[in-house]
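User: I am new to this structure. Please show me how to read its features one by one.

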Amino acid sequence: MKDFFYAIQDLFVDVIFAPFDELRKLELENWFGANTVSWIFIIVGFVAMVYWMLQLKGFNDNNEEDKSISSHSYL
C-alpha cells in the first residue's frame, strides 16, 4: 500500500508539477515570463469582469432590474 502512495507522489511531483518547476527556474532570468500563468489568470478575470458589467448595464438600460426596497417577503 505504501508503494501506491509513493506512485501518486511521483506522479504529481515529477510529471504534473514539472512545468511549474521550470517556471520557477525561469524566474531568475525573466520575471514576466515566469509569471505567465498569473498574467493569464489576471487577463481572464478582467475580461470576465468587463463582460459582467456590460451585462448588468444592459439589464439596467432595459429596466429589467428589480429595484424594490425589500429583498425578502418578511421585510
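User: Is Phe5 buried, partly exposed or exposed, and what is its relative accessibility?

Analyst: A word first: this is a predicted model. Phe5 has 48% relative accessibility, so it counts as partly exposed. Phe4 is partly exposed too, with a relative accessible area of 47%.

User: How do Phe4 and Phe5 pair?

Analyst: A pair of aromatic rings is described by the distance of the centres and the angle of the planes. For Phe4 and Phe5, the centres are 5.4 Å apart and the planes meet at 70 degrees. That pair is edge-to-face.

User: Which kind of pair do Phe32 and Trp39 form, and why?

Analyst: Their planes are at 25 degrees, and under 30 counts as stacked, so this pair is stacked. The ring centres of Phe32 and Trp39 lie 6.0 Å apart. Phe32 counts as exposed at 54% relative accessibility. Trp39 is partly exposed at 36%.

User: Which residues do ring pairs link into a cluster?

Analyst: Trp31, Phe32 and Trp39. The structure holds five aromatic pairs.

User: How many helices and strands does the protein have?

Analyst: Four helices and zero strands. From the N terminus on, the order reads α-α-α-α.

User: Is the protein compact or spread out, and why?

Analyst: Compare the radius of gyration with the globule rule. Here the radius is 24 Å, well over the 11 Å that the rule gives for 75 residues, so the protein is more spread out than a compact globule. The C-alpha trace spans about 60 × 40 × 20 Å along its principal axes. Of the 75 residues, 3% count as buried.

User: What surface does the protein expose?

Analyst: About 7,100 Å², with carbon and sulfur atoms supplying 67% of it.

User: How many charged side chains are there, positive and negative?

Analyst: There are 5 positive and 11 negative side chains. The centres of the two sets lie 3 Å apart.

User: How many salt bridges are there?

Analyst: To find one, look for a side-chain nitrogen of Lys or Arg within 4 Å of a carboxyl oxygen of Asp or Glu. The count here is three. Arg24 and Asp21 meet at 3.6 Å, N to O. Lys25 and Glu22 meet at 3.7 Å. Asp61 and Lys57 meet at 2.8 Å.

User: Where do these residues sit along the helices?

Analyst: Arg24 and Asp21 are three residues apart in helix 2, residues 18–26, so about one helical turn separates them. Lys25 and Glu22 also lie in helix 2, three residues apart. Asp61 and Lys57 lie in helix 4, four residues apart, about one turn.

Terms used
Residues numbered from 1 in each chain as written. Predicted model: local features only at pLDDT ≥ 70, side-chain atom pairs only at ≥ 80, totals over all residues. Heavy atoms only, no water. Phe/Tyr/Trp six-rings, centres within 6.5 Å; stacked < 30°, edge-to-face > 60°. Buried < 20%, exposed > 50% of the residue type's maximum accessible area, 1.4 Å probe, protein only. Helix = DSSP H or I, 4+ residues; strand = E, 2+ residues; numbered from the N terminus. Rg over C-alpha atoms; globule rule 2.2 N^0.38 Å. Areas by Shrake-Rupley, 256 points an atom, 1.4 Å probe, with all protein chains shown as cover. Lys, Arg positive; Asp, Glu negative; His and termini not counted. Charge placed at Lys NZ, Arg CZ, Asp CG, Glu CD.
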